[in-house]
Amino acid sequence: MADGDDRLGQLQAAEAGRCRALLAADVAALAALTGEDYRHVETGGGTRDRAGFLEAIARPDHRFVQWVIEESRIDLYGDVAVVSGRYHNQVQTPAGLQPVKHARFLRVWVHRYGAWWNVAHQATATTPPQP
């Protein structure tokens, strides 16, 4: 169980690092967490690969000013992990601060080369949770 606990801790750190990197637009940090075979499905249904995802984060005219994981569940399956939950974020664009976006997400991580790699992300826009 200690190995599973260690992997869980590593994955939790990778998830937290991903959020920090998104807020900081830290493309190098995201690249270090994102697998070469990455697939990303946006809340609006658009798709992109790793290069497209990293290019979008590098754009100076589109910056996350808020990225909050509201709920998260991690399921480990050996060298694969599925992380699901809810988040909200907010983006600054040339048109100004955009409305807060709420979504559910599903991310797939694979443990290879001694580290966790995010290989898939899918998000679906939702309404804000009710109190």
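**Arg86 and its partners**

I began with Arg86, which is buried, with a relative accessible area of 18%, and I kept in mind that the model I was reading is a predicted one. I noted the reason for the label: buried means under 20% relative accessible area, so the 18% of Arg86 falls within it. I then looked for the partner of this side chain and found that Arg86 and Glu70 meet in a salt bridge, with 2.7 Å from N to O. Arg86 lies in strand 4 and Glu70 in strand 3, so the pair ties together parts that are 16 residues apart in sequence. Is Glu70 buried or partly exposed? I found a relative accessible area of 30% for Glu70, which makes this residue partly exposed. Following the charges further, I saw that Glu70, Glu71, Arg86 and Arg104 are linked in a network of salt bridges.

**Other salt bridges**

I searched the whole structure for such pairs, and the search gave 10 salt bridges. One that I looked up joins Asp37 to Arg112, where the closest N and O atoms are 2.8 Å apart. This pair links distant parts of the chain, since Asp37 is in strand 1 (residues 34-41) and Arg112 is in strand 6, 75 residues apart. I checked the accessibility of both partners: Asp37 is partly exposed at 41%, and Arg112 counts as partly exposed at 25%. Another pair in my notes is Asp61 with Arg59, whose closest N and O atoms are 3.0 Å apart. Here Asp61 has a relative accessible area of 32% and is partly exposed, while Arg59 is partly exposed at 40%.

**Aromatic rings**

I turned next to the rings, and how many aromatic pairs does a search of the whole structure find? The search finds 4 of them. In the pair of Phe64 and Trp67, the ring centres are 4.8 Å apart and the planes stand at 85°, so I entered this pair as edge-to-face. Both partners are covered: Phe64 counts as buried at 15% relative accessibility, and Trp67 is buried with a relative accessible area of 10%. I then compared the entry for Tyr87 and Phe105, an aromatic pair that is tilted, with 6.0 Å from centre to centre and 50° between the planes. Tyr87 lies in strand 4 and Phe105 in strand 6, so this pair ties together parts that are 18 residues apart in sequence. I found that Tyr87 and Phe105 are buried as well. Taken together, ring pairs link Phe64, Trp67, Tyr87 and Phe105 into a cluster.

**The nonpolar core**

I wrote down as background that nonpolar side chains tend to be buried together in soluble globular proteins. In this model the largest nonpolar core has 24 residues, and those that touch the most other members are Leu22, Leu30, Phe53, Ile57 and Trp109. I listed the elements that each supply at least two residues of this core, and they are helix 1 (2-24), helix 2 (27-31), helix 3 (50-58), strand 3 (63-77), strand 4 (80-93), strand 6 (101-112) and strand 7 (115-126). Which element gives the largest share of this core? I found that it is helix 1, with 5 residues. I also looked more closely at Leu30, which, leaving aside its neighbours within four places in sequence, is in contact with Arg18, Ala21, Leu22, Phe53, Leu54 and Ile57.

**The largest pocket**

I looked up the largest pocket and noted that about 320 Å³ of space lies in it. Its lining has 19 residues, and those that lie nearest its centre are His40, Glu42, Arg48, Phe64 and Lys101. Helix 1, helix 3, strand 3, strand 4 and strand 7 are the elements that give two or more residues to this lining.

**Two backbone angles**

I closed with the backbone, where most residues other than glycine have a negative phi. Ala25 has a phi near 50°, a positive value in a residue other than glycine, and I placed Ala25 in the loop between helix 1 and helix 2. Tyr113, which is not a glycine either, has a positive phi of about 55°, and its place is in the loop between strand 6 and strand 7. I noted the accessibility of each residue: Ala25 counts as buried at 17%, whereas Tyr113 counts as exposed at 75%.

Note on methods: Residues numbered from 1 in each chain as written. Predicted model: local features only at pLDDT ≥ 70, side-chain atom pairs only at ≥ 80, totals over all residues. Heavy atoms only, no water. Core = buried A, V, L, I, M, F, W, Y, C linked by side-chain atoms within 4.5 Å. Buried < 20%, exposed > 50% of the residue type's maximum accessible area, 1.4 Å probe, protein only. Helix = DSSP H or I, 4+ residues; strand = E, 2+ residues; numbered from the N terminus. Contact = heavy atoms within 4.5 Å. Phe/Tyr/Trp six-rings, centres within 6.5 Å; stacked < 30°, edge-to-face > 60°. Salt bridge = Lys/Arg side-chain N within 4 Å of Asp/Glu carboxyl O. 1 Å grid on protein atoms, 1.4 Å probe; cavity = no way out; pocket = protein on both sides within 12 Å on 5 of 7 lines; lining within 4 Å. Points joined across faces, edges and corners; volume = space filled by probe spheres on them.
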